[in-house]
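Reader: Could you take me through the side-chain contacts in this one? I'd like to go through the rings, then the charges, then the cysteines.

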Amino acid sequence: MLAAMAKRRNLLVLARTRGTVKIQVLDLSRMEWVREFDFCPEPGADVDVGGLAMGEDGRLFLSDTGACTIWILNLFGRTIGRIGLPKSASTPRDRRGIPAFPKGLALDSEERLWVACGDQDQVHGLQIFSGAGRFEASVASLGIRTEVFARPEGIRIHEGRVWITEPFADRLQVFREDGSFVASYDVEDRAGVGRPFAIAPFEGGHAVLVREPEETLVLFDREMRPRKDVLQRTTAAWEGPVDLMNLEDGSLVILDELGERLRRLDLESGLEDWA
């Protein structure tokens, strides 16, 4: 992924890869950019942005997929911690407590960090860490310890439910915050689309970005039935979408054009460019 978003209260944070990582903070109450800085953990290091989360205390968690690392930094760009093996260690694989190729990140109601990870199918593709970076649990795919996650990518938490996208299984999985399994949904069977990679549950349903048959947005109601009325208005409107986020007013924010354009979708009035 080239960019990712996180939100906490009235702040929306964007992390975009432009050589180094550029982080921007948008105050939603004033619709003004209030902070911008570059993040580079080490001189000359390239950061492969896979996901972003923001804590209640303002800390940012940024997954660096290629480095198998999650960086913890403050809103001034200073690194204050990391999760992962030392740089000198061998490439991690399917192990508890090791975020191998981390991607999507999300913080639950207890400020625990959920991490979707893996460049291949693996048993420990969904792990939970404390806000300080201590490993707490590996979540079982489909609630069965021997089952694998199909390279999970996107993750969002809404109303006590953790939603995971699995592009290589055309599947969404849902868990409770205690790690117990709730349900799984095949998006190809339900909507005729494939490779879901980002999700934003909201009050009226669920928004999912997919890569097949083309990169576009698919909307489902709360029972996971496709919202075809909205689909017809938004099909072919996207150019390289990479992430999306729900807002309190029921609208959605989509990071488009490979992270270069921020757009808002109101389900009644349609699309508007934000930044």
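**Side-chain contacts in a predicted model**

Author: Keeping in mind that this is a predicted model, the count of aromatic pairs comes to five. One of them joins Phe129 and Phe135 in an edge-to-face arrangement, with 5.7 Å from centre to centre and 70 degrees between the planes.

Reader: Is Phe129 buried or exposed? And what about Phe135?

Author: Phe129 is buried, at a relative accessible area of 1%, whereas Phe135 has 23% relative accessibility and counts as partly exposed.

Reader: OK, which other pair would you show me?

Author: I would turn to Phe149 and Phe175, which form a tilted pair with their centres 6.2 Å apart and their planes at 50 degrees. That pair links distant parts of the chain, since Phe149 sits in the loop between β12 (135–138) and β13 (155–158) while Phe175 belongs to strand β15 (residues 171–176), and the two are 26 residues apart.

Reader: Buried or exposed, those two, Phe149 and Phe175? And which residues form a cluster with them?

Author: Phe149 and Phe175 are both buried, and together with Phe181 they make up one aromatic cluster.

Reader: Where do Arg35 and Arg82 lie relative to rings?

Author: Arg35 lies over the face of Phe76, 4.5 Å from the centre of that ring. Arg82 is placed over the face of Trp71, and in that case the distance to the ring centre is 5.4 Å.

Reader: Switching to charges: how many salt bridges are there?

Author: The count comes to 26 salt bridges. Among them is the one between the side chains of Arg30 and Glu32, at 3.5 Å from N to O. Arg30 in that bridge is partly exposed, with a relative accessible area of 48%, and Glu32 is likewise partly exposed, with 39%.

Reader: What does Arg261 pair with, and is that pair buried or exposed?

Author: Arg261 forms a salt bridge with Asp256, and the closest N and O atoms of the two are 3.0 Å apart. Both Arg261 and Asp256 are buried.

Reader: And which partner does Arg263 have?

Author: Arg263 forms a salt bridge with Asp273, where the closest N and O atoms are 3.2 Å apart. Because Arg263 lies in strand β22 (residues 261–266) and Asp273 in strand β23 (residues 270–273), this pair ties together parts that are 10 residues apart in sequence. As for burial, Arg263 is buried, with a relative accessible area of 8%, whereas Asp273 counts as partly exposed at 48% relative accessibility.

Reader: Which residues are joined into a network by salt bridges that share partners?

Author: Arg8, Arg9, Glu56 and Glu111 are joined into one network by salt bridges with shared partners.

Reader: Last topic, the cysteines: how many disulfides?

Author: The count of disulfides comes to zero. Cys68, for instance, is in no disulfide, and the nearest cysteine sulfur, which belongs to Cys117, is 9.1 Å away.

Reader: Why is there no bond from Cys117 to Cys68, then?

Author: The sulfur of Cys117 has its closest cysteine sulfur in Cys68, and because the distance is 9.1 Å, the two are too far apart for a bond; the cut-off for a disulfide is 2.5 Å between the sulfur atoms.

Reader: Are Cys68 and Cys117 buried or exposed?

Author: Cys68 is buried, with a relative accessible area of 6%, and Cys117 also counts as buried, at 0% relative accessibility.

Terms used:
Residues numbered from 1 in each chain as written. Predicted model: local features only at pLDDT ≥ 70, side-chain atom pairs only at ≥ 80, totals over all residues. Heavy atoms only, no water. Phe/Tyr/Trp six-rings, centres within 6.5 Å; stacked < 30°, edge-to-face > 60°. Buried < 20%, exposed > 50% of the residue type's maximum accessible area, 1.4 Å probe, protein only. Helix = DSSP H or I, 4+ residues; strand = E, 2+ residues; numbered from the N terminus. Lys NZ or Arg CZ within 6 Å of the ring centre and 35° of its normal. Salt bridge = Lys/Arg side-chain N within 4 Å of Asp/Glu carboxyl O.
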